[in-house]
Amino acid sequence: HLYPDVMNIYGDRGNVIALRYRCEARGIAFTLAEINVGDTFDPDDFDVILIGGLVIVILSTAGLILAWLRYPTLSSVALIAYLVGAWLIAGVSWLDDLRSLPNRVRFAAHSLGAILALLAFGSWRVVSIPLIGALDLGWLGLLVTFVWIAGLTNAYNFMDGIDGIAGGQAVVAGLGWAALGWSDQQPLVAAVGLLLAATRGC
């Protein structure tokens, strides 16, 4: 387990427990070695290397930038706003794993991320409700969009403490984005969906 003390921003220890259980159930010898910062590390000494959630953030960021360079359908300002918000939320989650942060700090980060998303992509103006039709939200669209983004981020942060739920949800959502992007001929959305499903599902 590589750098469990500083790189764990999702249920890594649960993954270790699951891996141990699967090995023991199949009669495979299992030895866990925790490698911390400053320890000697030779990858050739290990069969499986588990790295914390920060790697997912780094890979997702790199993949998004490469996808944007290939399909530049999003403005550079919107891309930067999205990445700043995403890294802010990931950074607060990382700090919260190192030492528990107050709820107000986490919610402030989620709120700022939602505001950046609003500035980058705008808000819902009209929503379609089955059996009712189109509903014009007007200025309430800003509030509804903000509450939706911040609330969903907070809910996902809560799920992240239960190993497997957050990752499974990310895979389903990512595949859904990919399908919608493909059907709506938006290759960047499809690429980001596949990226999300691949990085959280692996």
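1. Overall fold. The chain has seven helices and two strands. The model is a predicted one. Read from the N terminus, the order of elements is α-α-α-α-β-β-α-α-α. The two strands are strand 1 (126–129) and strand 2 (133–136).

2. Burial and surface. The chain counts 202 residues, and 31% of them are buried. Its accessible surface is about 12900 Å². Carbon and sulfur atoms hold 67% of that area.

3. Contacts along the sequence. Take the contacts in the chain with a separation of 6 or more. Of these, 59% join residues 24 or more positions apart. Some individual cases follow below.

4. Aromatic pairs. How many aromatic pairs are there? The count is two. In one of them, the ring centres of tyrosine 82 and phenylalanine 121 lie 6.5 Å apart. Their planes stand at 70 degrees, so this pair is edge-to-face; the cut-off for that class is over 60 degrees. Tyrosine 82 sits in helix 3 (residues 76–98) and phenylalanine 121 in helix 4. The two residues are 39 apart in sequence, so the pair links distant parts of the chain. Tyrosine 82 is partly exposed at 39% relative accessible area. Phenylalanine 121 is also partly exposed, at 46%.

5. The tryptophan pair. Tryptophan 124 and tryptophan 148 have ring centres 5.9 Å apart. Why is the pair tilted? The planes meet at 50 degrees, and a pair counts as tilted because its angle is neither under 30 nor over 60 degrees. Tryptophan 124 lies in the loop between helix 4 and strand 1, whereas tryptophan 148 belongs to helix 5 (residues 140–159). The pair therefore ties together parts that are 24 residues apart in sequence.

6. Tryptophan 124 itself. Helix 4 spans 103–121 and strand 1 spans 126–129; tryptophan 124 is in the loop between them. Is this residue buried, exposed or partly exposed? Its relative accessibility is 37%, so it counts as partly exposed. The cut-offs here are under 20% for buried and over 50% for exposed.

7. A nonpolar surface patch. Trp124 and Trp148 recur here, as members of a nonpolar patch on the surface. The other members are Trp139, Leu140, Leu143, Val144, Val147 and Leu152. Together the residues of the patch have about 860 Å² of accessible area.

8. Threonine 145. This residue lies in helix 5. With a relative accessible area of 6%, threonine 145 is buried. A polar atom of its side chain lies 3.0 Å from the backbone nitrogen of tryptophan 124. The side chain of threonine 145 also reaches the backbone oxygen of glycine 141, at 2.7 Å. Which residues does threonine 145 touch, leaving aside those up to four places away in sequence? They are Leu118, Gly122, Ser123 and Trp124. The loop residue tryptophan 124 thus appears in a polar contact with threonine 145, in the tilted ring pair and in the nonpolar patch.

9. Positive phi at leucine 131. Most residues other than glycine have a negative phi. Leucine 131 has a phi near 70 degrees, a positive value. Where is leucine 131 found? The residue is in the loop between strand 1 and strand 2. Leucine 131 is exposed, with a relative accessible area of 94%.

10. Positive phi at glutamine 185. Glutamine 185 is not a glycine either, yet its phi is positive, near 55 degrees. The residue lies in the loop between helix 6 (165–183) and helix 7 (187–201). At 71% relative accessibility, glutamine 185 counts as exposed.

11. Phenylalanine 107. Helix 4 also holds phenylalanine 107. At 46% relative accessibility, phenylalanine 107 is partly exposed. How far from the C-alpha atom of alanine 150 is that of phenylalanine 107? The separation is 7.8 Å, though the two residues are 43 apart along the chain.

12. Leucine 180. This residue is in helix 6. Its relative accessibility is 58%, so leucine 180 counts as exposed. The C-alpha atoms of leucine 180 and alanine 190 are 7.0 Å apart. Along the chain, these two residues are separated by 10.

Methods. Residues are numbered from 1 along each chain as its sequence is written. This is a predicted model: local features need pLDDT of at least 70, side-chain atom pairs count only at pLDDT 80 or more; totals for chains, interfaces and linings use all residues. Side-chain values use heavy atoms; hydrogens and water are left out. Patches are made of residues with over 30% relative accessible area and no salt bridge: like charges are joined within 9 Å, nonpolar side chains (Val, Leu, Ile, Met, Phe, Trp, Tyr) within 5 Å. Accessible areas come from the Shrake-Rupley method with a 1.4 Å probe; for residues, only the protein chains shown count as cover. A salt bridge is a side-chain nitrogen of Lys or Arg within 4 Å of a carboxyl oxygen of Asp or Glu. Helices (H or I, at least four residues) and strands (E, at least two) are DSSP runs, numbered from the N terminus. Buried means under 20% relative accessible area, exposed over 50%, partly exposed in between (1.4 Å probe, protein chains only). Rings of Phe, Tyr and Trp (its six-membered ring) pair if their centres lie within 6.5 Å; planes under 30 degrees apart count as stacked, over 60 as edge-to-face and the rest as tilted. Contact means heavy atoms within 4.5 Å. A polar contact is a pair of N or O atoms within 3.5 Å; within protein, one must be able to donate a hydrogen and the other to accept it, and residues adjacent in sequence count only if both atoms are side-chain atoms.
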